Amino acid sequence: MFCSYKRLSFVTLTFLNKVDDEKAIVILRKFLDNAKKRNNDFPYVWVAERQTKNDQFKGNVHFHIITNKYWKIQKWWNYWIDLQIKNGVKPRNEKFRPSSAFDVKQLNSRNIKSIASYVTKYVTKNNAKFKCQVWNCSKRISRLYTDFYTQLHMLAV
């Protein structure tokens, strides 16, 4: 699926402060819903991960998303920060707006195996406990997954 795109984005969404898993997933869904409204073609896969390197927010959930979307960084960074505040995640201090809260890396689809390995690691080997989904994907990606396994099942019968 993602192989058909020349450019992919790897987005990391980090929270401004401690947040429980349930609230985090609500905010993520709102973020994705808004992105879907603005794009006709928005396939994505996201995974949850616990923060390990940030001592102030150790264990806090954050999300990684792989998609084909080109992100206007300033616009979406502001939206992600404001969405958190609007949903009750207050910054540590009044002016705290970390640039790392919305981080985007451009990926090359020629390196799709390493991308798939990274996501698979978090989906299958993540031992962290969550009170929310650990991963999800767009309907378009889900249909591909379902079609693939349906075809495998039919071949086995």
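Hi everyone, let me start in a loop: Thr14 sits between strand E1 and helix H1. Please keep in mind that we are looking at a predicted model. Is Thr14 buried or exposed? With a relative accessibility of 14%, Thr14 falls under the 20% cut-off, so it counts as buried. As for its surroundings, once neighbours within four places in sequence are set aside, Thr14 makes contact with Gln51, His62, Trp80, Gln84, Ser100 and Ala101.

Now let's step back to the whole chain. The protein has four helices and five strands, and reading from the N terminus their order is β-α-β-β-α-β-α-β-α. There are 157 residues, and 42% of them count as buried. For those of you who like contact maps: if we take contacts between residues at least 6 apart in sequence, 77% of them join residues at least 24 apart. The accessible surface is about 9,900 Å², with 53% of that belonging to carbon and sulfur atoms.

On either side of our loop we have E1 and H1. E1 covers residues 7-13, and six of its seven residues are buried. Its pairing with strand E3, residues 61-67, is antiparallel and runs over five bridges. One of the bridge pairs joins Phe10 to Ile66 in E3.

On to H1, residues 21-37. Its 17 residues should span 24 Å at 1.5 Å a residue, and the end C-alpha atoms are indeed 24 Å apart, so the two agree. At the start of the helix, a side-chain oxygen of Asp20 comes within 3.3 Å of the backbone nitrogen of Glu22. Which residues of H1 are buried? They are Asp21, Ala24, Ile25, Ile27, Leu28, Phe31, Leu32, Asn34 and Ala35. When you look at that list, remember that an α-helix has 3.6 residues a turn, so residues three or four places apart point the same way.

That brings us to the core. The largest nonpolar core holds 31 residues, and Phe31, Phe63 and Phe102 have the most contacts inside it. At least two residues each come from E1, H1, strand E2 (44-50), E3, helix H2 (73-86) and strand E4 (102-108). H1 gives the most, with seven residues.

Let me finish with Phe102. What does Phe102 touch, leaving out residues up to four places away in sequence? From E1 and H1 we find Val11, Thr12, Leu13 and Phe31. The rest of the list is Trp71, Ile73, Trp76, Trp77 and Trp80. Trp80 may ring a bell, since Thr14 contacts it too. Thanks for listening!

Technical notes: Residues numbered from 1 in each chain as written. Predicted model: local features only at pLDDT ≥ 70, side-chain atom pairs only at ≥ 80, totals over all residues. Heavy atoms only, no water. Buried < 20%, exposed > 50% of the residue type's maximum accessible area, 1.4 Å probe, protein only. Contact = heavy atoms within 4.5 Å. Areas by Shrake-Rupley, 256 points an atom, 1.4 Å probe, with all protein chains shown as cover. Expected span 1.5 Å × (residues − 1). Polar contact = N/O pair within 3.5 Å; in protein donor to acceptor, adjacent residues only side chain to side chain. Pairing = 2+ DSSP bridges. Core = buried A, V, L, I, M, F, W, Y, C linked by side-chain atoms within 4.5 Å.
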